[in-house]
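Hi everyone, thanks for coming. Please have a look at the sequence and the model on the screen, and then I'll walk you through some of the details.

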Amino acid sequence: MKKFDLRKIRLKTTRIDDIDDRMLLINLYATQAITFIIGFVWLLFQRRNPFSLYAPENDWQFLYWGLGLAAAVILLDMLAARFVPDEANDDGGVNDRIFRTRPIWHIALLSLVVAICEETLFRGAVQHHIGPYWTSIVFATIHVRYLRHWIPTGLVFVISYALGWIYIRTGTLLAPILAHFVIDLVMGLVIRFRREP
């Protein structure tokens with residue numbers, strides 16, 4: 001039987017254009033599953049009931065906060081798209097590859113999966129441990145595709161901080177999940193139906 005040798009593992013940089021659509025989706029869903037599992041287990045180690053975090057604390061107040069934040073972020077993104085040069089907003093084509101050819105139902109599903117998984121980890125587990133400021137720094141850092149440009153990195157940080165704030169304000173993960181879902185859904189639909197110049 002052959003022995004497994006860690007020294008033989010080689011990492012190489014891959015461009016988004018080198019990945020076919022099937023592999024892109026597998027990577028996306030796999031990373032979201034890992035994100036959710038880490039968040040869920042972290043919550044258990046914190047001796048917190050993960051399911052109680054999804055319960056609305058103040059009736060339907062989370063709807064106003066989630067939809068309000070989503071509307072503000074979408075407006076901010078539209079302003080950034082209008083006044084900031086395209087090269088300063090470049091994400092390396094990742095969002096375009098993810099959303100450009102997807103049917104609407106799949107854009108909605110992707111947006112929901114990402115919102116639930118990321119908010120469970122970052123707002124649910126990480127923010128409880130290190131607070132909204134440092135959580136937002138970590139959140140902005142893991143969105144590696146934006147790190148080459150300070151404007152999208154700054155926007156991701158601000159959005160993350162706002163998501164953390166509405167979580168604190170409402171006491172339920174439903175508010176940041178709703179905001180995250182609506183933001184991703186609208187941005188995905190904009191990419192899907194945008195006319196090429």
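Let's go straight to S136, which is buried, with a relative accessible area of 0%. Buried here means under 20% relative accessible area, exposed means over 50%, and partly exposed is in between, using a 1.4 Å probe and protein chains only. You'll find S136 in helix α4. Setting aside neighbours within four places in sequence, S136 is in contact with F157, S160 and Y161, where contact means heavy atoms within 4.5 Å. There is also a C-alpha distance to mention: S136 and V156 are 20 residues apart along the chain, and their C-alpha atoms are separated by 8.0 Å.

A quick word on where this comes from: it is a predicted model, in which local features need pLDDT of at least 70 and side-chain atom pairs count only at pLDDT 80 or more, while totals for chains, interfaces and linings use all residues. Residues are numbered from 1 along each chain as its sequence is written, and side-chain values use heavy atoms, with hydrogens and water left out.

Now, let's step back to the whole chain. How many helices and strands does the protein chain have? There are six helices and zero strands, so the pattern along the sequence reads α-α-α-α-α-α. Helices are DSSP runs of H or I with at least four residues, strands are runs of E with at least two, and both are numbered from the N terminus. Of the 197 residues in the protein chain, 39% are buried. Among contacts with a separation of 6 or more, 80% are between residues 24 or more positions apart.

On to how the helices pack. Two packed helices are described by the angle between their axes and the distance between the axes. The axes are lines fitted to C-alpha atoms, for helices over the stretch in contact, and the angles run from 0 to 180 degrees between N-to-C directions.

Let's take α4 again, which spans residues 104-142, together with α6, residues 174-193: their axes come within 8 Å and cross at roughly 135 degrees. That makes α4 oblique to α6. For the naming, angles under 35 degrees count as roughly parallel, over 145 as roughly antiparallel, 65 to 115 as roughly perpendicular, and the rest as oblique. The crossing of α4 and α6 is right-handed; that is, the near helix is turned clockwise from the far one by less than a right angle, whereas anticlockwise would be left-handed.

Which residues of α4 and α6 meet? On the α4 side they include I104, L112, E119, R123 and F139, and on the α6 side they include P176, F181, D184 and F193. The residues of this contact of α4 with α6 divide into 14 nonpolar, three polar and five charged. In that scheme Ala, Val, Leu, Ile, Met, Phe, Trp, Tyr, Cys and Pro are nonpolar, Asp, Glu, Lys and Arg are charged, and the others, Gly among them, are polar.

Our other pair is α2, residues 61-83, and α5, residues 150-170, which pack at an angle of about 170 degrees with their axes 10 Å apart. That makes α2 roughly antiparallel to α5. The crossing of α2 and α5 is right-handed. Among the residues making the contact are W65, L69 and L76 of α2, with I159, W165 and R169 of α5. The contact of α2 with α5 has twelve nonpolar residues, two polar and one charged.

Finally, the salt bridges: a side-chain nitrogen of Lys or Arg within 4 Å of a carboxyl oxygen of Asp or Glu. The count comes to four.

Inside α4, R123 forms a salt bridge with E119, with the closest N and O atoms 2.6 Å apart. These two are four residues apart in helix α4, which means about one helical turn separates them. Are they buried or exposed? R123 is buried at 0% relative accessibility, and E119 is buried at 0% too.

R102 forms a salt bridge with D21, again with the closest N and O atoms 2.6 Å apart. This pair links distant parts of the chain, with R102 in the loop between α3 and α4, D21 in helix α1, and their positions 81 residues apart. R102 is buried at 5% relative accessible area, while D21 is partly exposed at 33%.

The side chains of D96 and R100 also meet in a salt bridge, at 3.3 Å from N to O. D96 is partly exposed at 29%, and R100 counts as buried at 18%. D96, R100 and R194 are linked in a network of salt bridges.
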